[in-house]
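Please open the model in your viewer and keep the sequence panel beside it. The stops below are meant to be taken in order, each with a selection to make.

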Number of protein chains: 2
Amino acid sequence: MSERGGAGQNGRNAGGVASVGGIGEFGLIGRITARLPVGPTVLLGPGDDAAVVAAPDARVAASTDVLVDGRHFRRDWCSARDVGHRAAAANLADIAAMGATPTALLVALCMPADLETSWAEELADGLAAEAATVGASVVGGDMSSSPTLTVAVTALGDLGGRPPVVRSGARPGDVLALAGRTGYAAAGLTVLTRGFRTPRLLVEAYRRPQVPYAAGPQAARLGATSMIDVSDGLLADLGHVAVASGVAIDVRRDAFEVPRQMADAAQALGVDPYTWILAGGEDHALAATFPPAVALPADWRAIGLVTAGAGVTVDGEPYEGPRGWDHFR
Amino acid sequence: MSERGGAGQNGRNAGGVASVGGIGEFGLIGRITARLPVGPTVLLGPGDDAAVVAAPDARVAASTDVLVDGRHFRRDWCSARDVGHRAAAANLADIAAMGATPTALLVALCMPADLETSWAEELADGLAAEAATVGASVVGGDMSSSPTLTVAVTALGDLGGRPPVVRSGARPGDVLALAGRTGYAAAGLTVLTRGFRTPRLLVEAYRRPQVPYAAGPQAARLGATSMIDVSDGLLADLGHVAVASGVAIDVRRDAFEVPRQMADAAQALGVDPYTWILAGGEDHALAATFPPAVALPADWRAIGLVTAGAGVTVDGEPYEGPRGWDHFR
């Protein structure tokens with residue numbers, strides 16, 4: 001129950017376009033649910049009080065991430081479909097970082113009543129499309145009107161009988177390795193912030209992260225001792241691993257290639273590209289530590305070492321630049 | 001990554017009180033996590049990329065509900081702890097309505113940067129306390145700054161080897177029964193809306209719903225053919241069952257007692273108390289249908305009948321009053 005929100009006349013907003021306030025909660029839920037494909041892990045899909053999802057090994061991995069308009073995305077920089085991809089990716093990557101395979105997403109969507117209905121529908125399309133890349137489905141959700149457009153997503157996943165790969169297992173002597181890329185999304189955000197729309201490689205990386213989901217369960221099978229999703233910035237996230245494991249981590253700067261478009265953008269904007277690479281988040285790369293005897297497959301490349309001690313260094317030295325982001329500061 | 005929000009000087013807001021923007025995301029996560037008890041269904045609790053929760057029968061029930069400041073609660077009407085209880089109850093009730101036992105909650109919390117740190121901590125206490133009443137734990141979450149205080153919760157649950165009790169199974173001849181109460185929270189909201197703070201029975205019912213969680217699995221074991229959580233209003237929610245099951249449902253008005261405090265408040269405020277009872281939500285009663293041969297235990301009382309046809313009637317007649325609430329209208 002709630003106070004009543006402002007819906008325009010005839011279900012249309014001030015721009016004369018069909019709005020979520022106009023169509024109403026149940027109408028919109030029906031329209032969105034009809035667009036959602038249901039995969040094999042879904043035993044009971046949207047439309048009841050709860051969904052039922054397969055959890056084959058009698059455990060479920062679960063994680064929640066929220067995206068807020070104006071903080072995590074801007075509607076003039078990202079389409080609704082992009083926001084769907086990004087919101088799904090942030091959550092699916094957390095599941096992959098435990099060594100699990102994502103099975104399902106649940107979505108709480110808060111929207112101004114005058115938001116176009118098509119925005120909500122395309123958001124759902126983006127969420128479903130990103131989930132489908134790993135065989136997961138959107139199985140449930142809730143919506144409410146709110147002055148602030150907000151997308152809160154919960155992802156569930158299947159550990160496949162393996163122990164979860166936690167942040168606390170890194171040991172001195174382990175090799176630090178990365179799957180996926182870092183700095184691309186941060187560079188894309190900087191480009192957009194400065195008013196540009198290219199290079200396309202970087203802007204698209206910000207809009208729709210390319211997440212190496214399969215590398216998560218792969219690392220678990222290979223015996224990774226720790227793993228984390230790089231969402232706040234490589235050095236900041238490695239800092240979480242170092243603290244949780246009680247170790248020091250050193251990152252080799254020469255392990256990272258600066259792609260030509262990033263080098264060009266960095267030069268044009270007067271930015272050190274390693275700030276993006278070492279401190280930028282939201283590409284959702286996976287960082288993991290492996291015992292030195294493990295032969296790393298192609299998806300994983302060594303980028304550093306775990307040693308006794310504390311803290312994260314770059315080429316053996318303290319790093320003076322920014323390390324990542326705090327969502328309140 | 002996100003733009004940076006406004007935090008006051010020295011981590012304090014304009015009132016000189018410690019604020020969430022001041023303490024920062026990671027500081028606040030640490031403080032809240034330290035307050036959360038972890039129950040036996042939690043295999044890996046907060047602090048990693050995802051939690052791991054037991055799913056003993058290889059399935060997990062999952063549901064999401066979101067509460068928005070000014071729409072689902074008001075901070076001058078509800079304490080932070082109350083909001084925690086209400087947010088947890090809304091989600092735990094959805095799990096119970098499938099016939100499942102809740103195991104875990106995940107929470108996405110969006111807060112203005114100047115919100116007092118203690119508000120977030122007390123919210124977490126309320127969430128954890130409500131979850132603990134059914135043996136569930138808060139296992140994970142996310143937080144972000146946002147202009148709009150928003151609490152999105154996902155609940156997970158264990159079906160105990162039983163099929164989920166869905167909305168679509170009601171059959172003509174079934175008995176409609178209710179566990180818990182309706183109208184109390186709606187009456188409490190009306191009382192608060194009119195500027196009063198008593199009767200306490202009603203106001204407290206609005207602030208902290210008394211949900212008959214155990215009646216959900218009990219109904220499943222008894223062979224309930226359908227079940228729903230009454231969150232939008234009894235007639236509105238029975239309407240969902242009638243549509244999903246392809247049946248008609250008749251509710252008997254004389255099955256409901258009007259408690260003295262409700263009768264008094266109704267008279268003082270000039271309201272028909274049956275509007276609260278038949279169309280008020282948020283007490284999170286459970287409504288279920290049972291084959292006529294089932295002997296109803298004390299927690300469940302018969303309130304109507306399922307017949308062939310369509311729609312929901314009261315004492316055999318169409319009901320002309322409001323039936324429930326749409327969160328966009």
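Begin by colouring the two chains separately: between chain A and chain B an area of about 7000 Å² is buried, and carbon and sulfur atoms give 56% of it, buried area being the accessible area (1.4 Å probe) that two parts lose on being put together, summed over both. Before going further, note that this is a predicted model, in which local features need pLDDT of at least 70 and side-chain atom pairs count only at pLDDT 80 or more, while totals for chains, interfaces and linings use all residues. Residues are numbered from 1 along each chain as its sequence is written, chains are lettered from A and ligands numbered from 1 in the order in which they are written, and side-chain values use heavy atoms, with hydrogens and water left out.

**The interface**

Select the residues in contact across the two chains (heavy atoms within 4.5 Å); the selection should hold 82 residues from chain A and 82 residues from chain B. Between chain A and chain B there are 20 residue pairs in polar contact, both residues at pLDDT 80 or more, where a polar contact is a pair of N or O atoms within 3.5 Å, one able to donate a hydrogen and the other to accept it within protein, and residues adjacent in sequence count only if both atoms are side-chain atoms. On the side of chain A that touches chain B, the largest share, nine residues, comes from strand 3 of chain A. Sorted by class, this side of chain A has 43 nonpolar, 23 polar and 16 charged residues; Ala, Val, Leu, Ile, Met, Phe, Trp, Tyr, Cys and Pro count as nonpolar, Asp, Glu, Lys and Arg as charged, and the others, Gly among them, as polar.

How many salt bridges are there between chain A and chain B? The count is four, a salt bridge being a side-chain nitrogen of Lys or Arg within 4 Å of a carboxyl oxygen of Asp or Glu. To display one of them, select Arg167(A) and Asp48(B), whose closest N and O atoms are 3.7 Å apart.

**Strands across the chains**

Next, show strand 3 (residues 59-68) of chain A together with strand 2 (residues 51-54) of chain B, which pair in the antiparallel sense over four bridges. Helices (H or I, at least four residues) and strands (E, at least two) are DSSP runs numbered from the N terminus, and two strands pair if DSSP finds at least two bridges between them. Among the bridge partners, Arg59(A) is matched with Ala54(B) and Ala61(A) with Val52(B).

Staying in chain B, add strand 1 (residues 42-44), which runs antiparallel to strand 2 of chain B and is joined to it by two bridges; here Val42(B) has Val53(B) as its bridge partner. Six residues lie between the strands of this hairpin, and Gly47(B) takes a positive phi near 120°.

**An annotated site**

Return to strand 3 of chain A and pick out Asp65(A). The UniProt annotation "binding site", from an unreviewed entry, covers Asp65(A) and Asp94(A). They span 30 residues in sequence, yet no two of their C-alpha atoms are more than 9.0 Å apart, so they gather at one spot. UniProt annotations may be inferred rather than shown by experiment; their positions follow the numbering used here and feature names are shortened.

**Loops to finish**

Select Asp82(A) and Arg208(A), which form a salt bridge with the closest N and O atoms 2.7 Å apart. This pair links distant parts of the chain, 126 residues apart, with Asp82(A) in helix 3 (residues 80-96) of chain A and Arg208(A) in the loop between helix 6 (200-207) and helix 7 (215-222) of chain A.

Finally, move to Pro199(A), in the loop between helix 5 (184-193) and helix 6 of chain A, where the peptide bond from Thr198(A) is cis, with omega near 5°.
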